[in-house]
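Student: Could you take me through the salt bridges of this protein in one close look, and then show me what lies around them? I would like to follow the picture step by step.

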Amino acid sequence: RTQAEMAHTCRGTINLSTAHIDTEDSCNIVLSNGGRTYHLKANSEVERQRWVTALELAKAKAIRMRNNQSDDSGDEEPASQSDKGELHGTLKTLSSKLEDLSTCNELIAKHGAALQRSLSELENLKLPAESGEKLKAVNERATLFRITSNAMINACRDFLDLAETHSRKWQRALQYEREQRIRLEETIEQLAKQHNSLERACRGAPGLSSGGAGIANTAKGDVQSAKGEASDEDEETEYFDAMEDAPAFITVTADPKHHRRSGSNLSGASEGHPEDWNLEDSVFESSNQTSYNESTCKDLLPKKRRRTRIPDKPNYSLNLWSIMKNCIGKELSKIPMPVNFNEPLSMLQRLSEDLEYHELLDKAVKCESSTEQMCFVAAFSVSSYSTTVHRTAKPFNPLLGETYELDRLDEFGFRSLCEQVSHHPPAAAHHVYSKRGWTLWQEITIASKFRGKYLSIMPLGAIHLEFHSSGNHYVWRKVTSTVHNIIVGKLWIDQSGEIEIVNHKSKDKCQLKFTPYSYFSRDVPRKVTGVVTDADGKAHYVMSGTWDEKMECSKIVQSSHGSTSSEGKQKTVYQTLSPKVLWKKYPLPENAENMYFFSDLALTLNEPEDRVAPTDSRLRPDQRLMESGRWDEANVEKQRLEEKQRAVRRRREAEAVEALEEGKDYEGYIPLWFERKVDPMTGELICVYKGGYWEAKDKQDWSMCPDIF
């Protein structure tokens with residue numbers, strides 16, 4: 001299938017070109033791609049091998065097709081007059097050749113008939129007997145030639161009719177595609193003009209310079225584009241609905257001393273004990289008393305002074321539309337982008353940045369109740385989005401085999417390792433160990449689509465968190481991130497979707513909803529709400545807050561069924577105690593707007609360190625040049641690294657095809673520090689840490705590392 005066909009396949013389809021094919025035992029096959037895994041079982045080992053061979057051959061063919069298409073799309077330039085002239089010249093040449101063929105057909109028929117008449121006239125002449133026999137033989141051969149020529153003429157005529165028919169179809173299809181492209185460009189250009197007009201109208205409106213009213217009007221004007229955009233999106237953008245569903249529950253704060261209510265609406269209500277909330281240990285009380293800047297741990301253990309700033313971002317101009325208008329509908333990872341769109345961090349470093357609020361997990365270790373622990377895990381899952389609110393730049397795509405370590409064992413008790421384990425689709429494996437009682441691991445595949453007005457980023461893959469003492473094992477997945485105003489206007493990011501966190505040991509659950517921004521909504525922007533329930537479905541805590549500021553937790557003392565909405569849905573009313581803040585975002589450092597809006601932790605992620613692996617992101621030359629403000633040199637270096645990676649990929653694919661032709665198994669790229677295993681919790685094939693990295697670092701033995709830079 002082509003990429004266009006793969007983009008519209010039915011649900012459940014696996015793209016073989018990016019799939020991993022493994023065998024569990026003599027009869028089982030595991031076929032996985034991103035977050036989808038299929039387990040196939042053959043009747044015998046022979047049949048299994050036949051299937052594996054067929055799948056590998058099909059995968060090799062799909063890879064070749066994808067590469068041919070990606071090479072074509074990667075080199076594609078905006079259609080110019082010379083391109084159109086060349087296309088029309090080709091069609092004109094084809095028409096001319098078809099006319100020549102038709103003329104040749106007519107000449108053959110004409111000369112063949114003349115030859116037949118001449119031979120017939122010679123036959124009627126009175127010639128010697130010997131000459132008559134020879135003339136008869138020539139006449140027979142001429143007849144055969146005429147029959148053969150007629151057959152060829154008929155075949156040529158059929159070919160001519162078929163070619164003309166298909167030529168008209170191709171011309172119509174080509175003309176349709178050209179018109180669609182022109183119409184799309186005109187639409188986006190018109191939207192850009194309308195947006196600029198709206199901005200000018202907002203700036204020129206009276207009252208904008210007067211205090212709070214002006215601020216409110218400006219905010220309303222800025223988000224007007226979201227209102228307009230919501231009207232004509234396709235089925236992939238259901239999270240842009242203007243009128244959001246009302247929340248499934250209502251929260252009422254209760255008086256701890258008089259929390260019991262009377263009334264028929266409390267039938268079947270579940271009750272809690274408010275005194276538990278007041279007599280709990282200091283885990284909740286201390287949840288927001290530390291920060292990255294003011295951490296007691298950091299003050300007591302100044303093991304190493306970390307940098308607090310990086311060179312200011314240069315102010316380079318760039319014609320965005322000239323690059324982006326040719327990328328509509330394509331996979332973002334396959335679009336060659338200059339570093340002007342990037343920030344000087346790789347995707348591996350952005351993944352490590354999720355650990356900025358690691359102290360939430362340190363506090364979760366101390367919780368005796370699994371539902372209470374779930375609250376901290378939920379707050380941690382939300383905190384990873386806090387850095388994205390101003391971070392509209394794109395991180396560097398890691399090279400295959402690139403790694404990143406974040407060793408904070410002495411300062412904060414954890415050490416983290418990331419490795420890029422796949423290039424198409426891009427996938428990164430991550431493992432974190434904390435000596436304070438928890439381990440986190442994940443394999444994230446990023447799927448992204450540019451749709452002209454916005455960019456959707458869909459992380460695929462599960463995040464695992466296990467606490468050592470209790471054995472509680474939590475699993476959740478990330479939500480969709482959307483970057484708006486790609487073409488014109490101020491870029492802004494929204495998070496939308498739901499996160500279900502499951503404790504596979506106790507069966508507790510937390511359902512978090514990230515409410516998408518809506519112009520018509522009266523809710524707080526970037527709102528997140530959720531409920532923590534136990535294995536029996538009983539609600540214990542209500543989570544509320546925003547993904548860019550803070551998360552609060554309220555203990556439920558009573559729950560009841562409220563009134564039925566106009567849509568026929570019955571809401572649940574939760575009576576809770578006063579909320580407690582579990583997580584609050586750290587303030588950004590001074591001058592952050594000129595340093596890519598990096599947090600204190602992000603400023604240290606690309607700081608040069610000794611003894612790291614030669615594949616570490618800190619050593620990537622194009623990223624280092626960009627951080628130093630030398631963007632032109634960074635673009636040249638980026639192209640060199642990408643071409644080097646493409647050459648390695650082509651060599652690996654040639655080896656795979658050669659091995660398959662010889663009937664040998666070809667394992668493909670094997671991650672260095674991670675190995676593929678079937679996850680017992682989700683049934684998916686994921687990369688898990690197999691050990692050896694930190695031991696290699698202690699010995700400074702990096703001989704097994706590939707040369708990727």
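Tutor: Happy to! Let us begin with R415, which is partly exposed, at a relative accessible area of 21%. That value sits just outside the buried class, because buried means under 20%. The side chain of R415 meets that of D407 in a salt bridge, with 3.3 Å from N to O. Please keep in mind that this is a predicted model, and that the numbers I quote are computed from it.

By the same kind of rule, the count for the structure comes to 34 salt bridges. Let us pick out a pair that spans a long stretch of sequence. E411 forms a salt bridge with R306, and their closest N and O atoms are 2.6 Å apart. E411 belongs to helix α14 (residues 409-412), while R306 sits in the loop between α9 (296-300) and α10 (320-324), so this pair ties together parts that are 105 residues apart in sequence. Are these two partners buried or exposed? E411 is buried, with a relative accessible area of 10%, and R306 counts as buried too, at 15% relative accessibility. The pair also has company: R306, R408, E411, E609, D616 and R618 are linked in a network of salt bridges.

Now for another pair, E684 and R477, whose side chains meet in a salt bridge with 2.6 Å from N to O. E684 lies in the loop between β22 (674-678) and β23 (685-689), and R477 is in strand β13 (residues 473-477), so the bridge ties together parts that are 207 residues apart in sequence. Here the two partners fall into separate classes: E684 is buried, with a relative accessible area of 7%, whereas R477 counts as partly exposed at 34%.

Next, let us turn from charged side chains to nonpolar ones. In soluble globular proteins, nonpolar side chains tend to be buried together. In this model, the largest nonpolar core has 65 residues, and those with the most contacts inside it are W438, L465, W476, I501, L512, F514 and M543. Helix α13 (residues 370-383) gives the most to this core, with eight residues. For a closer view, choose L512: leaving aside residues up to four places away in sequence, L512 touches A378, S381, V382, G497, E498, I499, I501, V528, T529, G530 and M543. Apart from the core of 65 residues lies another core, of 14 residues, among them W673, C687, Y689 and A696.

Finally, a few places in the backbone deserve a look. A cis peptide bond joins H424 and P425, with omega about 0 degrees. You can find P425 in the loop between β8 (414-422) and β9 (427-434). N591 is not a glycine, yet N591 has a positive phi of about 70 degrees. Its place is the loop between β21 (580-584) and α15 (600-605), and N591 counts as buried at 19% relative accessibility. Q700 is not a glycine either, and has a positive phi of about 55 degrees. Q700 is in the segment after α18 (693-699) and is partly exposed, with a relative accessible area of 34%.

Methods
Residues are numbered from 1 along each chain as its sequence is written. This is a predicted model: local features need pLDDT of at least 70, side-chain atom pairs count only at pLDDT 80 or more; totals for chains, interfaces and linings use all residues. Side-chain values use heavy atoms; hydrogens and water are left out. A salt bridge is a side-chain nitrogen of Lys or Arg within 4 Å of a carboxyl oxygen of Asp or Glu. Helices (H or I, at least four residues) and strands (E, at least two) are DSSP runs, numbered from the N terminus. Buried means under 20% relative accessible area, exposed over 50%, partly exposed in between (1.4 Å probe, protein chains only). A nonpolar core is a set of buried Ala, Val, Leu, Ile, Met, Phe, Trp, Tyr and Cys residues joined through side-chain atoms within 4.5 Å. Contact means heavy atoms within 4.5 Å.
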